[in-house]
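This briefing covers a metal site and a set of ring contacts. Please consult the sequence and the coordinates alongside the points that follow.

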Amino acid sequence: MGFYVRFWGTRGSIPTPGRTTHRYGGNTSCVEIRFDDALFILDGGTGLRELGVDLMRRPQHPVVAHMLFSHMHWDHIQGFPFFTPAYVPQNTFTIYGATSGDRRFHQLLSGQMRSEYFPVDFSALHSHIVPSDLGELSARTLDGVLVRCFVQRHPGGSFAYSLEKNGHRVVYATDNEIDLTLPDPSVVQRDLLAPRAIPSEFIEFCRGADLLICDGQYTEAEYPSKVGWGHPRATTVVDAAVQAAVKQLAIFHHDPMQSDDDIEQKIGDCRSRARRLGSDCLIFAAREGVELRLDTPLTP
Amino acid sequence: MLPSQDDHADHMTEEQLVPLLPVQVYARPHVLQQIRGPLSPQIIELRGDQLIIGRNPDVDIRIPSAALSRHHLRLDKYQGGYRAVDLDSSNGFFLNEIRVSSAALRDGDTIQLGNAVFVYHEGK
Ligand SMILES: [Zn+2]
Ligand SMILES: [Zn+2]
């Protein structure tokens with residue numbers, strides 16, 4: 001029982017195994033969220049494979065989960081064909097990732113298992129896979145958890161999700177180029193240290209969350225050559241977290257070119273920025289294999 | 001540049017039979033280096049599939065401090081290293097200053113349990 005968040009994949013774009021990424025991990029986006037007995041899986045990047053192995057070992061069977069997809073880029077769906085629990089007949093997975101009437105999402109999720117790409121057909125997934133949708137993007141309650149979504153700036157679009165129960169809340173916002181939504185982007189050119197006003201809709205969506213898991217792929221130095229690629233400066237995410245007064249910020253979707261040392265440098269820059277902005281928000285790099293419990297005090 | 005063919009052409013090189021001796025591999029264990037709190041400094045070698053840290057006399061790694069729970073943290077052998085799991089302790093498990101409930105440990109991680117602080121060193 002309790003409210004848990006566990007990172008199974010925190011890398012952006014493509015898996016990056018190897019010695020230089022050992023600490024933060026090389027698997028792509030996958031986060032497990034548990035509110036008491038309710039299980040949510042956010043994205044199905046390559047981290048989903050290991051989550052599947054772990055779910056098979058747990059005593060709770062059958063496995064019943066809501067799978068919320070941010071969007072259908074490879075690094076968010078590629079683990080799905082390797083998700084062992086999806087092959088077990090007793091299990092049930094309800095899949096969300098598009099508004100009502102939008103069939104593309106389910107076509108793409110199953111399309112990656114066409115024989116040209118993968119040896120096993122989607123029909124071999126013997127679990128009960130229920131294609132659902134996000135309706136008209138209004139809030140809904142799933143297994144007692146209030147789920148809301150938010151449309152983000154990303155090539156092809158992407159959704160952020162907010163999950164809330166008993167006054168505790170986590171926001172998952174990946175593949176989100178917040179820098180392109182700034183009402184006054186010139187402020188960054190004029191002064192890198194100046195506070196960056198973030199659009200109020202996103203701030204209200206994140207307001208007061210116990211944890212904001214947010215795409216923070218690029219450093220200040222990397223971003224200028226990647227404008228329009230769909231990911232923000234990590235430092236801009238700090239401004240969002242500070243303005244929304246979230247308690248903890250997990251920088252997520254690390255760039256495949258970043259080593260563990262690079263990620264630590266990026267997080268150091270984010271923490272300095274938060275301090276300069278007068279915030280005590282706890283900032284860390286989302287790291288594979290780490291689980292947080294969010295209904296306990298955050299400080300000793 | 002093409003690789004030199006010298007070695008192939010050189011019939012003067014004497015052939016040697018190198019005996020394959022049994023090689024003994026010394027494994028270096030994973031360790032916790034306690035840097036703060038009662039009993040520090042100390043180096044604790046981690047052996048076994050499961051270890052409990054706490055203040056109770058029956059635990060594997062005992063830290064005599066009221067700031068620790070009786071059974072505070074469990075270390076499980078996991079993928080060649082250890083995974084640390086908070087046992088619903090009162091004061092929590094802080095990994096690199098963030099409160100977590102469990103984590104696969106990595107070289108250089110700082111673990112704080114009450115007033116005891118450890119650094120985890122991966123072995124080989
Ligand atoms: Zn992505
Ligand atoms: Zn994307």
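With 0% relative accessibility, H76(A) counts as buried (under 20% relative accessible area; exposed is over 50%, partly exposed in between; 1.4 Å probe, protein chains only). D75(A), at 5%, counts as buried as well. This is a predicted model in which local features need pLDDT of at least 70 and side-chain atom pairs pLDDT 80 or more, whereas totals for chains, interfaces and linings use all residues. Residues are numbered from 1 along each chain as written, chains are lettered from A and ligands numbered from 1 in the order written, and side-chain values use heavy atoms, without hydrogens and water.

**Zinc site**
- The zinc ion (ligand 1) has the protein donors D75(A) (OD), H76(A) (NE2), D175(A) (OD) and H253(A) (NE2) at 2.1 to 2.2 Å; donors are N, O and S atoms within 2.8 Å of the metal (3.2 Å for Na, K and Ca), and sites may look incomplete because water is not among the atoms.
- Along the chain, these donors are spaced D-H-x98-D-x77-H.
- D175(A) coordinates both this ion and the zinc ion (ligand 2), the two ions being 3.6 Å apart.

**Aromatic contacts**
- The whole structure holds 10 aromatic pairs over all chains (ring centres of Phe, Tyr and Trp, the last by its six-membered ring, within 6.5 Å; planes under 30 degrees apart are stacked, over 60 edge-to-face, the rest tilted).
- One of them, Y172(A) with F252(A), is edge-to-face, with 5.5 Å between centres and 70° between planes.
- Both Y172(A) and F252(A) are buried, and F7(A) joins them in one aromatic cluster.
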